[in-house]
Structure formats: C-alpha cells, structure tokens
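Reader: I'd like a close look at a single part of this one, please: how the strands are arranged. Once that's clear, take me outward from there to whatever else stands out.

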Amino acid sequence: MSATTISVVTLFPELVAAVTRSGVTGRAIDRKLLAVSCTNPRDFATDRHNSVDDRPFGGGPGMVMMAAPLESAIDSASAAHAGKPVVVYMSPQGEQLTHSLVMELARLPDLVLVAGRYEGIDERVVQRKVDREISLGDYVLSGGELAAMVVIDAVARQIPGVLGHEESAVADSFATDGMLDHPHYTRPAVYDGVAVPDVLRSGDHQAIAEWRQGQALQRTRQRRPDLLADRPARHKEDKG
Ligand code: 4GO
C-alpha cells in the first residue's frame, strides 16, 4: 500500500508539528501510512533580507507573499514527491471542504498544501501553480496553516488502516448516512442528577442502534436540514 505524502509550504513549519507529533495523525506518520513535510519559502528568498513579502500593488493595508520565493518553494516541495502532486491553496476564496472533498483528496497519493500569510499570495502563483483552492468555511484566518492542518487530519482519517476498528465505526456515521452524530454518554450512569437514557443501559443492541439512528435523524432535521434535502425518501420518512 502506497502512503499518502503531503507537503506543506509554510513560513511557520513549527505550527504543523501539532498534527505530525500527536494523536491519530502522529500515529499514522509513525506507521508510515502518511508522510508530512514542510518547505519554507524563506529558504528560497533571494535578497539580503530574505524577504518573502512586499507591499500590495494598488495600495491598501498589509503585505502580500511574493511570487518568486513561494513558487520556488512549491517547485521544490513538488519535486520531492514520487508522483506529480496536486497543489492546493488554502483560502476563503476556495471551494468549501466537505466530507466528499476530503475523501477525494484522500485518494490522491501526493498533495502540496500552500499556507499563505499576510493579505494572501501573489495571484500569479495561484494562476501558474495552484490546481485547487480550498476553504474551510466563510471566515478569515491569520494564516493558511490551521486550514492545511485541518485538511491533513481529515484526510489522514480516510487513509485505510489509520483508524482502528473502534474509531472507524464512528467515522463511518458521516460517510454512510451523511447525518450528524448521535449523542454519547459514559459513566457515571447518573451525573449530578441527570441519568443516561435507559435504552443505552438495556443491553438490547437492536434497540440501541434504532435509538441512535433516531437521535441522529432528529438532530440532523433540527440543525442541518440541508443534509437531508437530497437523499432517498426512505431516510426522510424514517421515524425520528
Ligand atoms: C484559509 C486561509 C481562511 C481560510 C485563510 C479558510 N483564511 N477559510 N487565511 O479556509 C491568505 C492569507 C489566506 C491568510 C490565509
């Protein structure tokens, strides 16, 4: 099985350590199911100040990431991949990340994630080097690193073998029925006077499965009816 290889082009490689060192993603890397590396445009700066940003043409506040060091970093990161990577720029102007897009990305063996800073990157780099622009949602972050780390985490979970048996059942819930998750409870059975629903302590696995599906459907109807809009009628008519 070939591992997914992800490069992050970033001025702050130390931020990416939060996904490479810990948790599910850290374990995926230890087990060679995923490889993550960083390339810093600063290392490709050509002037004596190692500049990577400059003032925006047309004026206005803030700085823009310069084309040359960023393109050199993208080229260097791309060349280190076994195959030709898909280059993704994380920005609020992109297509929104969804479960289905995450699964699409997880099938790609080689990814380069470009994390911008300041007001963004020179548009000529987007035109010349970027295959896809992806956004987490309609809000602005100070840098693309957190967005790239979200992509890495979500993609890693879809790589076969990364999640254990227990964990993958949970991940499946969104994948197979496209609904919100049901509520979860653990001990104690009564916490500060609030009891766990009886059915969960009944030992009746069929009843538990039906209760959870009903809760998931009810929560999805109330909170995210858009998720139920274009699905088979069977789901719409299910009891809540
Ligand atoms: C991505 C990047 C938001 C997202 C970003 C998002 N903000 N919604 N900020 O996924 C260029 C400079 C973009 C800062 C970056």
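Author: Quick ground rule on the element names: helices and strands are DSSP runs numbered from the N terminus, where a helix (H or I) has at least four residues and a strand (E) at least two. With that in hand, P109 can be placed in the loop between α4 (99-106) and β6 (110-114). Do keep in mind that this is a predicted model. By the DSSP count, the chain has 10 helices and 9 strands.

Now to your strands. An open sheet is built from 5 strands, and reading across, the order is β2-β1-β6-β5-β7, with parallel pairing. Which strands stand at the edges? Those are β2 (34-39) and β7 (132-135); each has a single partner strand, so one side of each has no neighbour in the sheet. On average, and ignoring direction, neighbouring strands are turned by 35 degrees against each other. As general background, strands in a sheet pair through backbone hydrogen bonds, in either a parallel or an antiparallel way.

Let's start at the β7 edge. Strand β5 (residues 86-96) pairs with β7 in the parallel sense, over 5 bridges. If you want one pair to click on, take E95, whose bridge partner in β7 is I134.

β5 also leads straight to the largest pocket, where it gives the largest share of the lining, 5 residues. That pocket has a volume of about 430 Å³. Its lining counts 26 residues, and the closest to the pocket centre are Y89, M90, S91, P92 and Q93. The elements that contribute two or more residues to this lining are β5, α5 (123-129) and β7. So much for the pocket; β7 turns up both at a sheet edge and in the lining.

Elsewhere in the sheet, strand β1 (residues 4-9) is where you'll find S7. Is S7 buried or exposed? Its relative accessible area is 2%, and the cut-off for buried is under 20%, so S7 is buried. The S7 side chain has company, making a polar contact with the side chain of H81 at 2.6 Å.

Back to P109, in the loop that leads into β6. With a relative accessible area of 42%, P109 falls between the two cut-offs of 20% and 50%, so it is partly exposed. For a sense of reach, the C-alpha atoms of P109 and S202 are 45 Å apart, with their positions 93 residues apart along the chain.

The loops around the edge strand β2 hold a couple of backbone oddities. In general, most residues other than glycine have a negative phi, and most peptide bonds are trans. K32, which is not a glycine, has a positive phi of about 65 degrees. K32 is in the loop between α2 (23-30) and β2, and with a relative accessible area of 67% it is exposed. N50 is another residue other than glycine with a positive phi, near 55 degrees. It belongs to the loop between β2 and β3 (53-54), and its 37% relative accessibility makes it partly exposed.

The peptide bond between R187 and P188 is cis, with omega at about 5 degrees. P188 is in the loop between α7 (165-177) and β8 (190-191).

A couple of helices are worth a stop too. A17 is in helix α1 (residues 13-20), and it counts as buried because its relative accessibility is 17%. From the C-alpha of A17 to that of M66 is 25 Å, for two residues 49 apart along the chain.

Then there's helix α8 (residues 205-223). Its 19 residues reach 27 Å from first C-alpha to last, close to the 27 Å expected at 1.5 Å a residue. D204 caps the N-terminal end of α8, with a side-chain oxygen 3.3 Å from the backbone nitrogen of Q206. What is buried in α8? I208, W211, G214, Q215, A216, L217 and T220.

Zooming all the way out, the C-alpha atoms of the chain fill a box of roughly 70 × 40 × 40 Å along the principal axes. Of the 240 residues in the chain, 40% are buried.

Terms used
Residues are numbered from 1 along each chain as its sequence is written. This is a predicted model: local features need pLDDT of at least 70, side-chain atom pairs count only at pLDDT 80 or more; totals for chains, interfaces and linings use all residues. Side-chain values use heavy atoms; hydrogens and water are left out. The expected span of a helix is 1.5 Å times one less than its number of residues. Buried means under 20% relative accessible area, exposed over 50%, partly exposed in between (1.4 Å probe, protein chains only). A polar contact is a pair of N or O atoms within 3.5 Å; within protein, one must be able to donate a hydrogen and the other to accept it, and residues adjacent in sequence count only if both atoms are side-chain atoms. Two strands pair if DSSP finds at least two bridges between them. Axes are lines fitted to C-alpha atoms, for helices over the stretch in contact, and angles run from 0 to 180 degrees between N-to-C directions. On a 1 Å grid over the protein atoms alone, a cavity is a set of points where a 1.4 Å probe fits but cannot get out, and a pocket is an open set with protein on both sides within 12 Å along at least five of seven lines; lining residues have an atom within 4 Å of a point. Grid points are joined across faces, edges and corners, and a volume is the space filled by probe spheres set on the points.
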